[in-house]
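Dear colleague,

I am passing on the structure we talked about, and I would be glad if you looked at it before reading my notes. My notes on what was found follow below.

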Amino acid sequence: MKNENLYNYILGIADNSLILGQRMGELCGHGPSLETDIACTNISLDLFGQVRSYFQYATKIAGDGRSEDDIAMLRQEREYKNVLLVEQPNTNFAYTLGRQFLFDIYHLAFLKELQKSTDLTLSAIANKCVKEVSYHARFSSDWIKRLGDGTDESKEKMQEAINDLWAYTDELFHQTDADKAMVAEGIGVDVTKLKDNYYREISQVLEEATLQVPGSKYFQKGGKQGIHTEHLGYILAELQYMQRAYPNMEW
Amino acid sequence: MTSTEQNIDERLLSILEQVSDPEIPVLSIMDMGVVRSAVIENGEVKVEITPTYSGCPAMDVIGDDIKKALKDAGYDSEIDLILHPAWTTDWVTSRGRKALEDYGIAAPLDAEADKDVLLNNKRIVKCTNCGSQNTRLVSQFGSTACKAQFQCDDCQEPFDYFKCLK
């Protein structure tokens, strides 16, 4: 492939949205209330829409006849480059919202930077996505405050979720080889520069939610290199089911 | 095309106005502002449309409906989906806003109100049923990606608000 770094860079961005979109989509018909059910699946829909824009661009770069569906559905587990955070399960609503919040704040900051990309397609996608993701961030931040500053039980569950998911936040700011190459070309976002502000913003919301900011310095990594937690295999088993059971089927 | 101006061939305007948004049938796609250009080149029509939301499931249907409407009028066509410049609620025409209100969907507010949203100040969305300003946000996300859910505290009617996207 001529532009392998760009291709891998796009997949790195899109896979986060794909896997998180799948996780949120699992709540369809299972949300804790009708409004939140609809909100979670709306977020899922936004993310899948964004993934399509990225993958359509990736197919042009790959130029090997693969479609956006092939890229989404037909890779092996280790070829998915999403961060570990987004594949964490919907243990309970606090985990679902905690995961969303920890990702949204990053996602919004990332897209704001990607708008400045010298790659016009990526900046156009970012321009589009940033409007949608600002709604996601507002939704998840509101819920962190509502549950954190809620009942004793909701506070305890929210705190537990944030504590557990905290270990997956540092990886958001790790650079891959594709990242470094794209930053050098002015196409990619230097995620290392987003880190301080990210933790500042997260801490502000947590404090407003009367929650403790976890102090743990023990972090997990691997997703960006394709080394995932066991959860991804189960997600892919469901995501890829139709293509694996009926190869080349089309709607 | 990258300008925010629309470029529509006048001969095609009346045809395109017949095509409605499949999720909000009272709204023509022209009033919605999703058609960015429509030109006739060598007898074939080239249409550029832009999605309201990335995941808007209506875009494929809108593309098919445009093709069909043009075919009925004797034109072959090609539909391109463009992302830049990104759609904004400013592109909904005043006729479109009225159609939304009549249909029971509160139209997106103006730029001032949008600033209030960004600054977390209270915005006032009027009830589409009784006109009361005593309304509250139920959920940021409504029946489709482009809408939020509100409820009126006077007449108790729940209603959709078309979110403001700038």
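Is the crossing of H1(A) and H2(A) left-handed or right-handed? Please keep in mind throughout that this is a predicted model. The crossing of these two helices is left-handed, and the residues that make up their contact divide into 20 nonpolar and 6 polar, with no charged ones. Helix H1 of chain A covers residues 4-25 and helix H2 of chain A covers residues 34-62, and they pack with their axes 8 Å apart at an angle of about 155°. Since angles over 145 degrees count as roughly antiparallel, H1(A) and H2(A) are therefore roughly antiparallel to each other.

Chain B has 5 helices and 10 strands, and of its 166 residues 41% are buried. Among the contacts in chain B with a separation of 6 or more, 54% are between residues 24 or more positions apart.

One strand of chain B that you may wish to follow is E9, residues 147-152, where 5 of the 6 residues are buried. Strand E9(B) pairs with strand E8 (residues 135-139) of chain B in the antiparallel sense over 4 bridges, and in this pairing Phe150(B) of E9(B) is the bridge partner of Leu137(B). Strand E9(B) also pairs with strand E10 (residues 158-162) of chain B, again in the antiparallel sense, over 5 bridges, and here Lys147(B) stands opposite Phe162(B). The hairpin of E9(B) and E10(B) has 5 residues between the strands, and in that hairpin Gln156(B) takes a positive phi near 70°.

With best wishes

Note on methods:
Residues numbered from 1 in each chain as written. Chains lettered and ligands numbered in written order. Predicted model: local features only at pLDDT ≥ 70, side-chain atom pairs only at ≥ 80, totals over all residues. Buried ≥ 20, exposed ≤ 12 C-beta atoms within 10 Å, placed from the backbone. Contact = placed C-beta atoms within 7 Å. Pairing = 2+ DSSP bridges. Axes fitted to C-alpha atoms, helices over the stretch in contact; angles between N-to-C directions. Parallel < 35°, antiparallel > 145°, perpendicular 65-115°, else oblique. Left-handed = near helix turned anticlockwise from the far one by under 90°. Nonpolar A, V, L, I, M, F, W, Y, C, P; charged D, E, K, R; others polar.
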